[in-house]
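Work through the exercises below with the sequence and the structure at hand. Try each task before reading its solution.

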Amino acid sequence: MSRSRRDDPAAGRDRTPEQRERDRLEREARRGGAQPAAKRSAPRHDAPPPPSPDYDDRRPEAAPDARLDPTHDPYDPRDGLGPLRDRPEPGRAGRRARRADPDPGPIEPPGADRAAARRIAARGRLPGADRAQPRPPLRIQPEPPAPRAAPAGALGDETELPIGIRRVRRAVAPRSSRTIVTPPGDVPAGPARARRGPRARLGAIVGLLVLAVVIVGLLMLFQPFGSAQSSAVRVTIPQGASARDIGNQLSDAGVVSSGLLFSIRAMLAGKRGDLRSGPVTLHKSMTYGAAIEALTKKPVVTSEATIDVTIPEGKSRRETAALIKGKGLKGSYLTASKRFSGRLNPFAYGAPKGTRSTEGFLFPATYQLRAGAPVSDLVDKQLAAFKQDFAGISLTRAKRKNLTAYDVLIIGSMVEREAQLASERPKIAAVIYNRLHDGTPLGIDATIRYALHDWTQPLKESQLQIDSPYNTRTHRGLPPTPIGSPGLASLRAAAAPAHVDYRYYVVKPGTCGQHAFSSTFAQFERDSARYTAARDAAGGKSPTTC
């Protein structure tokens with residue numbers, strides 16, 4: 001027979017809190033008038049049956065949690081769970097009992113089984129299992145706390161939103177943080193996206209740059225907004241020329257901006273093989289589509305015959321008069337070009353008072369005229385072309401040097417005569433600017449040739465000393481008028497010369513018009529000695545290889 005806790009004081013030290021609570025309840029029941037189990041009635045025949053042979057109370061799973069057992073009756077004293085309270089009786093008797101004793105105490109089984117039930121409840125094991133290993137005390141797991149309502153922005157707090165809006169995912173953040181709603185298809189921000197952020201932004205920037213380049217290229221190629229066409233240009237397309245060659249020719253004439261883009265545009269239009277050869281009248285600053293259409297359109301055959309007159313760059317009025325002889329025009333070119341006749345006002349360009357000659361204002365180009373037309377029609381077209389093309393030249397740098405538009409025209413006429421290479425035009429203009437600034441004579445022999453009307457024969461020493469305002473060897477400053485009609489490239493070079501410190505230049509022997517530039521007179525003398533030696537070796541002729 002097992003001893004009670006009262007017989008063995010040390011037995012209570014190893015009891016669980018649940019068992020101690022049960023002992024306290026038993027003590028309160030005894031003080032309230034409950035009788036010991038030995039003085040009660042005889043044992044009942046409905047005592048709990050012995051455990052099944054298959055039952056092993058040494059295994060932890062032999063005492064399952066009663067709260068999880070669906071067959072558990074909390075008011076059945078045979079379940080071994082210790083003293084329980086009475087089930088309140090229904091009706092008026094139950095209400096009187098609850099008013100009389102709100103805490104009726106534990107239920108004890110009647111008869112002799114009460115002591116056994118108390119021992120079972122106290123020790124946590126079944127009758128007849130005294131020698132078996134004690135069952136581990138039943139530990140009632142507390143209910144998990146109800147999830148606390150997380151504040152706005154807590155991690156894992158998800159709110160279902162209407163269709164079309166993704167679930168809002170709130171991260172743990174202060175109350176002041178905002179909830180970001182991402183539309184469908186967007187990836188929520190996270191560590192992986194943060195690592196890919198710079199790479200994604202770089203890719204987006206590269207994509208935008210590529211898109212911008214493509215858009216600019218398409219705009220340059222197709223020119224949807226068009227361009228302002230200017231003066232007419234007569235161009236002769238050679239037989240068998242390719243689309244690229246035709247584009248380069250049109251680009252040099254100022255008809256289109258780029259020969260390469262012209263050929264690409266013709267290829268995209270499928271008209272590379274339809275570009276016709278021969279003379280054609282176009283306009284400057286045409287779009288690629290308009291130029292291609294003009295070159296693929298069949299020429300209109302009229303009953304009235306026309307002639308083409310080409311005026312080269314740099315030619316004077318006398319030289320031009322000799323070129324147009326026999327072209328079928330009526331009248332004298334020198335007489336028609338002697339006065340402006342109200343077609344152009346030279347004083348608007350800073351020409352000095354008394355200027356009557358149209359020298360320099362007769363723009364060089366190819367003009368289409370009616371056969372037998374008066375030569376004054378050609379002069380009028382030349383003056384109109386100059387007025388239109390010269391308006392597009394910037395004179396900012398020239399005005400800073402106190403030079404007028406008429407001075408730029410004079411400088412351009414000298415550059416046109418001296419330069420045979422396009423790359424040397426700004427350098428020769430810079431030499432003229434620097435010598436004007438120094439106050440030294442220009443020393444350009446082309447002005448002497450203009451005064452002598454001799455452009456082919458070598459100049460003699462006596463001719464270099466003639467007394468003429470056009471002799472820039474003996475007179476400082478610019479000549480009184482232009483010495484010819486410069487082209488657009490020479491006019492632009494005269495308006496914006498190169499930023500160089502050159503003061504001298506002389507032809508390099510063995511080249512086709514290339515010059516040796518120098519900033520000092522000593523270097524110029526060495527270059528001149530080399531040129532003189534080469535000319536003497538050539539028998540007094542120019543030592544060039546053109």
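The exercises that follow concern a predicted model.

**Exercise 1. The whole chain**

Task: State how many helices and strands the protein has, and what share of its residues count as buried.

Solution: The protein has 16 helices and 8 strands. Of its 546 residues, 33% count as buried. The accessible surface comes to about 33,800 Å², and carbon and sulfur atoms account for 54% of it.

**Exercise 2. One side of a helix**

Task: Find which residues of helix H7 are buried, and explain why they lie on the same side of H7.

Solution: Step one is to locate helix H7, which covers residues 288-296. Step two is to pick out its buried residues: Tyr288, Ala291, Ile292, Ala294 and Leu295. Step three is to look at their directions around the axis: they cover an arc of only 160°, which puts them on the same side of H7.

**Exercise 3. A salt bridge within a helix**

Task: Determine how far apart in helix H1 arginine 24 and glutamate 21 are, and describe how their side chains meet.

Solution: Helix H1 spans residues 17-31, and arginine 24 and glutamate 21 are 3 residues apart in it, so about one helical turn separates them. An α-helix has 3.6 residues a turn, so residues three or four places apart point the same way. The side chains of arginine 24 and glutamate 21 meet in a salt bridge, at 2.4 Å from N to O. Arginine 24 is partly exposed, with a relative accessible area of 32%, and glutamate 21 is partly exposed at 36%.

**Exercise 4. Buried or partly exposed?**

Task: Classify both partners of the salt bridge between aspartate 501 and arginine 503.

Solution: The closest N and O atoms of this pair are 2.1 Å apart. The cut-off needed is that buried means under 20% relative accessible area. Arginine 503, at 18%, therefore counts as buried. Aspartate 501, at 47%, counts as partly exposed. Elsewhere, salt bridges that share partners join Glu21, Arg24 and Glu28 into one network. A search of the whole structure finds 11 salt bridges.

**Exercise 5. Positive phi**

Task: Say where serine 285 and histidine 453 lie, and what the sign of phi is at each.

Solution: Most residues other than glycine have a negative phi. Serine 285 is not a glycine, yet its phi is positive, about 60°. Serine 285 lies in the loop between strand E4 (278-283) and H7. Histidine 453 also has a positive phi of about 60° without being a glycine. Histidine 453 lies in the loop between helix H14 (445-452) and helix H15 (488-495). Serine 285 is partly exposed at 37% relative accessible area, and histidine 453 is partly exposed at 48%.

Terms used: Residues are numbered from 1 along each chain as its sequence is written. This is a predicted model: local features need pLDDT of at least 70, side-chain atom pairs count only at pLDDT 80 or more; totals for chains, interfaces and linings use all residues. Side-chain values use heavy atoms; hydrogens and water are left out. Buried means under 20% relative accessible area, exposed over 50%, partly exposed in between (1.4 Å probe, protein chains only). Helices (H or I, at least four residues) and strands (E, at least two) are DSSP runs, numbered from the N terminus. The arc is that of the directions from the helix axis to the C-beta atoms. Accessible areas come from the Shrake-Rupley method with a 1.4 Å probe; for residues, only the protein chains shown count as cover. A salt bridge is a side-chain nitrogen of Lys or Arg within 4 Å of a carboxyl oxygen of Asp or Glu.
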